[in-house]
Every structure is written in C-alpha cells, then in structure tokens.
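Biologist: I would like a close look at a single part of this model: its internal empty space. Please take me through it.

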Amino acid sequence: MTAFRKHERNGFGVNMLTFGRMRRVWAVLLLVAAFGMADDNRSLGDRTRQYLTDLVRLETSNPPGNETRVADYLKKVADSFGIQAEELGSDPKRLNFVARLHGSGSKGRPLLLMAHSDVFPVPPDQAKQWTADPFGAEFKNGYIYGRGTLNAKSLLAAELAVMVEIKRRNLKLSRDVILVSEADGEVNMTGIQWLIQNGWSKIDAEFALNDGGALIESKDGAKVFGIQTIEKIPTRVILTAHGTPGTGALPRADNPYDHLADAISHLKKADQPLRVNSTTRRYLGQLANLSDYAWLGPLLQKLDSPATASAAAAQIRARDAELDFMLHTTISTGPPAANEDQLDVRRMPSETREDVLARLRQIINDPLVDVAFAPGPPMPTAQASPRTTDLYKAMERAIARIYPRDAVTVPYMSRGATDSGFLRSRGVPVYGVPLFLREPGEPRVRNADERITPKALDDGVELLWQIVQEAAGDN
C-alpha cells in the first residue's frame, strides 16, 4: 500500500497529501540547486530520466495548475548551464517558461520546441486504480510510473535534456532553438494564447515540435512514426432542457430531465458522417501494409463509396475503435447537472463548428432542448502543416538514419487536441513529434498507472537529438 493510498483512506488525506507533495517540491528544487554543472558526464538518456522524475514529482494537476512549480525548476536548470531563460505570464502561480539558444541564422528562423507543464488530474475514483503514487515517479516492474510520464512531461524532459546537451557541448547552431513550456495545455490553453498575445517576439519561429505524434510497433517489428500534421478540433456544446419536473404522483410530458436524457440517447445512437481526409487516408494506407493491419486494406476503398462506406466504417470500428475515431466527428457526454449537460465534441477539421451544431440540433430535434456553444472563444481552425518544410524532412532523415530497415514515416491526424492550432493559425507549421513507443492495449494517457519504460525514453530523446541536429545543427 503506497503512502498515497494510506493518506487517502485515513480521513485526513488532503492535508497529508498536500504536505507530502510540498516535501517533494522542496526536494526537487534542492536537487536542482545541488547538481548544477556537476552532472556534465551524464548521458543524454540519464539526464532525461532525471528531469522526468523531477517533473512528475512537481504536481501540476489542472485545475488549478500551479505550473510555476515547473517554470521555476526549468529556470534553475537553465541558469545552472548558462542558458538564456525567463518565466512569463500574468498569473504568478501559472507562469510559462521560455529559453533560447542562439544560432547563426544561416539555415533560417528559429526552431521551437514545445511541451505543456500541466497534467490531467487524478480523479478520486481513478486514484484507487493506481498501483503507484501518481506523483511519485516510482520505478518498478521496468517502468517509471506517474502522471505526465506520457503527456507531456516526458517530452518536456527530453527537450530540456537536448537544450542542455547542446549548451554543455558548446555546439554551433545554424538557427536559434527555443524551448517553451506553456501553462494550461490540458484545459483552456491560455498559456500559449498569452505568449502569442504578449510575447510573440520571444516564441516566433519558422516551425515547431509539440506533442501529438504517435509511434506504434507491429508484431513483426516494423515501427510506424505518425507525425501529427493536423488534429481534430475540440468544440464544447451545452444542452439545456426546459420544462417542469414531474413526480411519481404526477408525471409530466415536459419533464426537462426526460427530454435531456432522450437528447443524449439520440446523440449516442446517431452516426456522424464520414470525413476521410488525405492525411488519414495516407496513414491508414501505410498501416494496411503491416501484417497486424492486413485486414484494413480491403476496407479502405469501400470508404470512398456511399454504398459501402457505412458498413466498412462499422467493420473498422469493430476491429480498432481508435482508427474509427479518425473517420468522423466524435462526441462524449459529461455527467448531467440537473437539466443541463456539456458535450465534448471533437470535430473533423473539414467541418465548421456551425455545421456540427446544426447537425446536433437536427439529431435531437426537440424544441424543449436548447443546443448552443459553451461560453468562451472557439479553438482556431488551421490548415494541416505541410510535409515540405525543412523540419518535416529533418524528421524523415533522422528516423531513416536510426531505423534504416524497419521504420515507416507518415503524416498523422490525432484524435486528441493540443495547443498547436493557435500557432498554426498564425502561419507556423507545428508537428506532433512521435518520440515514445506506445504500449499495446488500453491507452494509459490520462488513465490509471500512466507509465513509460526507460528504453522508450532513451530512444525518444535520441531521436529528438537527431531531429534537432538535422534541423538546427551547423551541418
């Protein structure tokens, strides 16, 4: 039984857990102050593992975030190696971090490395399913456990290690390399928006790497590196039912709770239209060449015909639900609050938010249920990042060099969402970089026992190192 569970069970869990986390924060900060330049001989992989361990122990669940804990840590590391860095933001508890290594500019404008500093919370019901402290970075059974080991503190640790290694070796760069750790990447993505509005000159770059890529391995050893060039777009929708609640003694036809339940039921049963874009088509086509996905090949052509598309999509859904999610807008409902519920809609990039709202209203078809966008600014819609940039080509070369016989590199549309869209809408190509091999089976991102193997971390940071050298090295 971990200390985390003991504290939770004995009735004073909040205070004890908070105390334990504060002790971890101070321990991490003392460690940073201690190692300074003394860790010069550590390998890139060792450095990355140390950074990841430290970052996981800085608890930044959002809400409330407290991302300044990470920004302070990054600043101390950067200062200890003489890297130009600063903490920026309007909320002192939720600061962003920006660091820069200067290059000659002979290859062009800067390369931006991104990774958000907050993590998805561990809900009480999920905490009971963890076999390790979610914020302990415990190593056991060949894995490093902890929230953020997959999203996105592993990426942040790798990017920091690469920046430090460049500075430590005093390598010459052909363009500036900027590291940004933005707050609030999990919820409202206010960190990158603040930086765009208030510190654009500090992050303005020719192109960027962010999370959102996918790396999977087939049973015969082939690796598919999915470089995320576009993603589905979060669109929050509110359902509000009107009427008069009834009772068992006097049921009412206009009971708003019944109408809300019916509306949700209609949405769950309705099929959303297929939208197979060129990125997903190319990705699925490459998967179909692998032995694990040989079943996919005969279904791809059927997706193009209205007569066979629905049946083909149903067969894909039955074999691999994650692939099905790439083919159409998807909807998840939250727990209803009285007569209201919020929908988490992930719409296809080819659809407008107005298109989706009109379709939801048509499916529900109930005058007693209002269907409206949730308050707040919409997520930006942007074109896919091109495959012709120097950065995309650098990723292809680096992957081919490290994995000359068993790698397939292909553009990829992620089902989730990152804050890349805000930069893409400003004309900056952003790519979700596929660094860390994903475990087969149930996804662990944001779930119980999120974890990563040291080998996956080592391989990932080595690939990132090669990509950065290809894109920004003086070669």
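Which helices and strands each supply at least two residues of the lining of the largest cavity?

Modeller: Three elements do: strands β9 (223-231) and β10 (233-241), and helix α16 (420-424). Helices (H or I, at least four residues) and strands (E, at least two) are DSSP runs, numbered from the N terminus. The model is predicted, so local features need pLDDT of at least 70 and side-chain atom pairs 80 or more, while totals for chains, interfaces and linings use all residues. Residues are numbered from 1 along each chain, and side-chain values use heavy atoms, without hydrogens or water.

The lining of the largest cavity has 13 residues. Nearest its centre lie Glu231, Ile233, Pro380, Ala382 and Gly421. A cavity is a set of points on a 1 Å grid where a 1.4 Å probe fits but cannot get out; lining residues have an atom within 4 Å of a point. The lining divides into seven nonpolar, three polar and three charged residues. Asp, Glu, Lys and Arg count as charged; Ala, Val, Leu, Ile, Met, Phe, Trp, Tyr, Cys and Pro as nonpolar; the others, Gly among them, as polar. The volume of the largest cavity, the space filled by probe spheres set on the joined grid points, is about 100 Å³.

The structure holds three cavities of 30 Å³ or more. The second largest contains about 40 Å³ of space. Its lining includes His116, Asn151, Gly185, Glu186 and Asp211. Ala417, Thr418, Asp419 and Arg446 also line the second largest cavity. Here the split is one nonpolar, four polar and four charged.

Technical notes:
On a 1 Å grid over the protein atoms alone, a cavity is a set of points where a 1.4 Å probe fits but cannot get out, and a pocket is an open set with protein on both sides within 12 Å along at least five of seven lines; lining residues have an atom within 4 Å of a point.
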